[in-house]
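Trainee: I have a model to read. Can we go through it in short questions?

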Amino acid sequence: MAVSDLQSDLANKIRRRYEVPKVYYSHRDLLSDPEIDAVVITVPRPLTSGLCLDALQAGKMVFTEKPVALNSSTGLKLLEVSRSLNLPVQVGYMRRYDSGVLRAAKYLRELRYFEKYPLLVRAYCYMGDSYCSPFGDFKSTKTIHNIISKRESRPSWLDEETSRVYETYLNVFSHILDLLGFLLDTTLSVEKTALDSKGQGIVLLSSTNDIAIDLSTAKCSLNQWMEGISFVFSDQILDLSLNPAFLKNTPSILQIRRGDRDDTVETIRPKWSWAFRNQAANFIEICSRWPDTETNLAAAVEQIVLVESIFAKN
């Protein structure tokens with residue numbers, strides 16, 4: 001229906017490419033359009049929460065990228081406004097819609113039905129290059145001088161250098177934190193941290209169902225993306241290998257290793273699909289069925305609280 005960007009050349013390029021009927025150069029002008037029911041907000045992280053609040057107050061349903069806020073107080077305020085106005089905010093944790101992840105979630109639910117829980121869980125994310133050499137994206141040649149949105153601050157108790165590391169950690173590693181809570185159907189808490197000044201190291205977590213979890217994080221200059229989770233049971237091990245986020249139509253792979261005598265490995269590689277597209281379809285469904293559906297906003301705010309706790313204890 002419409003596109004808005006402060007960089008007019010960028011907005012016009014997108015309008016022409018996708019034959020968008022309307023173009024605006026202020027998000028407030030777009031939000032005042034009565035024909036718009038829902039908006040997708042993708043902006044620099046310090047601007048995200050402010051635009052989400054503007055959209056809710058204009059009566060729009062919202063999809064935005066993670067993290068939805070840079071500190072928990074702002075996140076909780078956004079959650080309160082969403083509930084009071086009865087408008088959905090869905091946050092872009094697209095791993096939840098990866099078909100390989102969904103197969104793992106189904107299998108873990110089946111095990112929980114028989115009261116089988118992991119002895120421990122090991123998760124890792126070593127970053128690398130997740131963009132997979134995209135082409136055809138749009139670039140602007142304009143410099144924005146007047147930002148008309150309120151910038152959000154990071155937690156005030158962090159010093160300037162640590163707060164930058166905190167924002168990177170929240171932006172990158174909240175994905176796998178969200179995935180752990182989603183797959184284990186639990187709320188996580190921080191037990192111990194051992195992170196260096198760049199946010200690399202190990203975090204020990206616990207869950208409401210008493211599962212011990214360790215998360216290893218690092219940034220590596222690799223021409224690949226390395227991220228995954230192992231669920232260790234008394235009689236089997238589940239290994240979930242997560243694909244690079246921007247690799248189209250390549251879902252994550254689940255391997256199940258069983259056997260106390262003959263070792264057997266079952267590899268589950270779902271049909272081609274792309275988590276980002278699945279996520280977009282889910283948001284349309286949320287909008288069409290609201291309020292008879294749910295969003296992940298509360299869980300997204302939990303991730304901010306969790307990352308704050310990680311840095312408070314480090």
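Mentor: Here are some questions and answers on this predicted model.

Trainee: Which helix gives the largest share of the largest nonpolar core?
Mentor: That core has 76 residues. Y169, L183, L205, I229 and F231 have the most contacts inside it. Twelve of the core residues come from one helix, residues 160-184. That helix is α6.

Trainee: Which residues of α6 does I229 touch?
Mentor: Leave out residues up to four places away in sequence. The contacts of I229 then include V121, Y124, L238 and L240. Helix α6 covers residues 160-184. The contacts of I229 in that range are I176, L179, L180 and L183.

Trainee: Is E167 buried or exposed?
Mentor: E167 lies in helix α6. Its relative accessible area is 15%. Buried means under 20%. So E167 is buried.

Trainee: What is E167 in contact with?
Mentor: Set aside its neighbours within four places in sequence. The contacts of E167 are then R45, P46, L70 and R154.

Trainee: How far does helix α4 reach from its first C-alpha to its last?
Mentor: Helix α4 spans residues 72-85, which is 14 residues. At 1.5 Å a residue, 20 Å is expected. The model comes close to that, with a reach of 20 Å.

Trainee: What do the buried residues of α4 pack against?
Mentor: Those buried residues are S72, T74, G75, L78, L79, V81 and S82. They pack against α3, β5 and α8.

Trainee: Which residue follows α4?
Mentor: Helix α4 covers residues 72-85. The residue after the helix has a positive phi, near 55°. That residue is N86.

Definitions and conventions:
Residues numbered from 1 in each chain as written. Predicted model: local features only at pLDDT ≥ 70, side-chain atom pairs only at ≥ 80, totals over all residues. Heavy atoms only, no water. Core = buried A, V, L, I, M, F, W, Y, C linked by side-chain atoms within 4.5 Å. Buried < 20%, exposed > 50% of the residue type's maximum accessible area, 1.4 Å probe, protein only. Helix = DSSP H or I, 4+ residues; strand = E, 2+ residues; numbered from the N terminus. Contact = heavy atoms within 4.5 Å. Expected span 1.5 Å × (residues − 1).
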